[in-house]
Amino acid sequence: MSALAKLLEHPALWRGNTLAPVRTASVASGFPRLDRELPGGGWPTGALTEILVAGHGIGEVSMLLPALARLSSAGRWQIWIAPPHAPYAPTLVQAGIALARLIVVTPEHQCDALWAIEQALRSSVCGAVVGWLPAARRAVPYAALRRLQVAAEDNDVVVLLFRPAAAGRESSPAVLRLSIEPAAAGHLTVHILKRRGLPAEAPIHLNLNRHHAVDRRHPAKTPARSIPTGEPIN
Amino acid sequence: MTDAHRVGIANDVALAKGIRPGMALSAAYALAPSMHVKQRDRLREADAIEHLAAWAGQFTPNVVLENQAGLLLEVSGSLSLFGGLEPIMTRLRTGILALGFTASMACAPTARAAWWLALSGKETVIREHDSLAAKLAALSIYTLGWSSDQLTMLTAIGTNTLGEVMALPRAGFAKRFGRALLTELDQACGRIAEPRRFFTPPEQFEARLELPAAVEAASALLFAAKRLLTELAGFLVARASGVQHFDLLLEHDDLPPTVITINLVTAHRDEPHFTLLVRERFDRLTLPAPVYAIALRAPVLTPVSGVNLTLFPDENEASTDWTRLVERLRARLGAAAVHGLTIVAEHRPEYVVRAAEPGTQPPPLHFGERPLWLFTTPRPLLEIDAKPFLRGRLALMAGPERIESGWWDGNDVARDYFIAQDEDRSLLWVFRERSDARGWFLQGLFA
């Protein structure tokens, strides 16, 4: 019996009805409800995480900011590879990301982006590698992702890759795959498509809790036309 | 190999045909009419020796150019640093091989003895002073670089080895062959000190390598480039410096040379890393014409700070260094594609963010509610019923925030910013232009 218990402590083995026991350090996502569902209690290090999302601007990056800020405050470097638009630095500062520990890479082609991600993983400099692999004419081959997974192994690095929703139909070597979609009132719905251990049953609702200025239930009442442009400010 | 119409060096085939060094070239042609003759180029030889001297400076600061034909290294002070004589000799041998040369090496307690042993082609290591005379005694007098007159006289009195010469009476020897030769013998045995002028490496690095054949593919140049980079790395260790910038010049026949400039984030002298960066550049290079020679120029040397002053770069240290990652990415993607971010005190959103060198500390500034992605050029939106429209009607969630600034440089803005939500529940940052060109614009996304 004790031999069996010992065997089950091996990180590559888990029972079908529990979450995999993950020994490697993970980085808390900053959302307790999400952390409870992630093996290791956060974004895994030394392995690929895929986030499948249709389009931009639903809060997919905001979801990562708490973890990225935590790594930043620990003095770790992070590298953003092929972001879809120019990251707006004041927002990053506000979220707690140290600009002095951020590298932004804007390659022209997706093959260069994959190469850059691999270099970043191999260098073991970065605490986080965030990559965008949008839908391209040629889908990202499995072997390319496998290379990244191998490069990430044994490194203390969180690898977060944004991929199009359609990529959910292809198989992937990533140990964690999430699909996210917008929900009402500043919330995100997270479906865990793949994780180590028992499959997730219900989607998770996250309150991004950003934009204190935004109350989504009550849209700003002032229509633009009513702003008196010609009158004195007070 | 010939030197002034006399055979200088002959290979084994030539020796078998009876050709001997020192023989007149015409006599050699009589023995072997089909032989290949190469002219000795003393200038290039001296140049090569000088480059090797600069490279060898990494093993000891005391390097001597001996008669423009060889190098003397005083290594007694470097033994403990390198872990003994054997490691130094191994490093020298592999290093010289990597630079494209072969060396005849010898080691002895006196400079002249070491020089004579090396000239004789016997790879001897003598550590003890006592065994010096005995080892030297076996050397032939013909390999020591003595003049032919002296050699003829010595042979005439029946001496062929150094041991027989040293057995001659001192006074008579000095009278017949001159004081200079006696002094050389005394110096070899360590009876007289032999001070020498040490080589001073130049202030900047410049090296050139002619390729044996024209090269058409850039990737095939890597081998030659690596040779130059190895030389550069050794030179930099000797100078206790690093480089932040160097140029590789690929010389063509009638076109101006192709210049590859490598810029580094910080100055260092890590040869494997240099090679990696150059390889990335070569991989993406198409040559306008075949390359005949390759040159390396490092005009400015930067003293490297204490941390990097390890004699051989430590692998762990290199792998955790973020500057190496940035350099590697830039070598393939270009400098502009890899950057950090900083912010400046400015109200107009599109002017706030600047690309900066990674590691730049931004000033502590605070802004209002801002999107994550910003479009530098705002995208015009349709306006329907006084509301902005993008694939559907946009709901204004927060605002307005008025930004009116920049009248002094002509790019002034007068805008009211709102946070809007589209029908996919994405949050957008939109503004309404208040100046003459009215209308709604999309400037950012809250991702």
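**Stop 1: helix α8 of chain B**

Select residues 148-156 of chain B, which form helix α8, and colour Q150(B), L151(B) and L154(B): these are buried. Keep in mind throughout that this is a predicted model. Now look down the helix axis. The three buried residues sit on the same side of α8(B), because they cover an arc of only 100° around the axis. Spin to the face turned away from that buried side and you'll meet the exposed residues S148(B), D149(B), T152(B) and A156(B).

What do the buried residues of α8(B) pack against? Show α9 (162-166), α10 (170-177) and α11 (179-189) of chain B, and you have their packing partners. Before moving on, click G158(B), just after α8(B): its phi is positive, about 85°.

**Stop 2: where α8 meets α10**

Keep α8(B) and α10(B) on screen and hide the rest. Their axes are 11 Å apart and the helices pack at an angle of about 135°. That makes α8(B) and α10(B) oblique to each other, since an angle has to be over 145 degrees to count as roughly antiparallel.

Which side chains should you switch on here? From α8(B), take Q150(B), M153(B) and L154(B); from α10(B), take F173(B), R176(B) and F177(B), which they meet. By type, the residues of this contact come to four nonpolar, one polar and one charged. Two of the names are already familiar from the first stop: Q150(B) and L154(B) are buried residues of α8(B), and both take part in the contact with α10(B).

**Stop 3: chain B as a whole**

Zoom out to the full chain. Chain B has 15 helices and 17 strands, and 46% of its 447 residues count as buried. If you pull up a contact map, look well off the diagonal: of the contacts in chain B with a separation of 6 or more, 53% are between residues 24 or more positions apart.

While you're here, pick A240(B), in the loop between α12 (222-238) and β6 (241-251) of chain B. A240(B) isn't a glycine, yet its phi is positive, about 50°. Most residues other than glycine have a negative phi. Buried, exposed or partly exposed? A240(B) counts as partly exposed, at 35% relative accessibility.

**Stop 4: the nonpolar cores**

Nonpolar side chains tend to be buried together in soluble globular proteins, so cores are next. Select W43(A), M63(A), W80(A) and V430(B). Within the largest nonpolar core, which has 69 residues, these four touch the most other members. There is another core apart from that one, with 36 residues, including F199(B), F274(B), F282(B) and A331(B).

Go back to V430(B) and expand the selection to its contacts, skipping neighbours within four places in sequence. The list is L381(B), L394(B), L396(B), D416(B), Y417(B), F418(B), A420(B), W440(B), F441(B), L442(B) and Q443(B).

**Stop 5: chain A and its helix α6**

Over to chain A, which has six helices and eleven strands. Buried residues make up 51% of its 234 residues. For contacts in chain A with a separation of 6 or more, 65% join residues 24 or more positions apart.

Select residues 142-152 of chain A for helix α6, and highlight the buried A144(A), L145(A), L148(A), Q149(A), A151(A) and A152(A). These residues lie on the same side of α6(A), because their arc around the axis is only 165°. Their packing partners are β3 (47-52), α5 (110-123) and β8 (158-163) of chain A.

Step just past the end of α6(A) to D154(A), where phi is positive at about 65°. N155(A) is in the loop between α6 and β8, and is buried, with a relative accessible area of 19% against a cut-off of 20%. Aside from neighbours within four places in sequence, N155(A) is in contact with T45(A), G46(A), L121(A), R122(A) and S124(A). Try a distance label from N155(A) to G127(A), too: they are 28 residues apart along the chain, with C-alpha atoms separated by 9.0 Å.

**Last stop: A82 of chain A**

Where is A82(A)? Look in the loop between β4 (77-81) and β5 (86-87) of chain A. Phi of A82(A) is near 60°, a positive value in a residue other than glycine. A82(A) is buried, with a relative accessible area of 19%.

Conventions:
Residues numbered from 1 in each chain as written. Chains lettered and ligands numbered in written order. Predicted model: local features only at pLDDT ≥ 70, side-chain atom pairs only at ≥ 80, totals over all residues. Heavy atoms only, no water. Core = buried A, V, L, I, M, F, W, Y, C linked by side-chain atoms within 4.5 Å. Buried < 20%, exposed > 50% of the residue type's maximum accessible area, 1.4 Å probe, protein only. Contact = heavy atoms within 4.5 Å. Helix = DSSP H or I, 4+ residues; strand = E, 2+ residues; numbered from the N terminus. Arc of directions from axis to C-beta. Axes fitted to C-alpha atoms, helices over the stretch in contact; angles between N-to-C directions. Parallel < 35°, antiparallel > 145°, perpendicular 65-115°, else oblique. Nonpolar A, V, L, I, M, F, W, Y, C, P; charged D, E, K, R; others polar.
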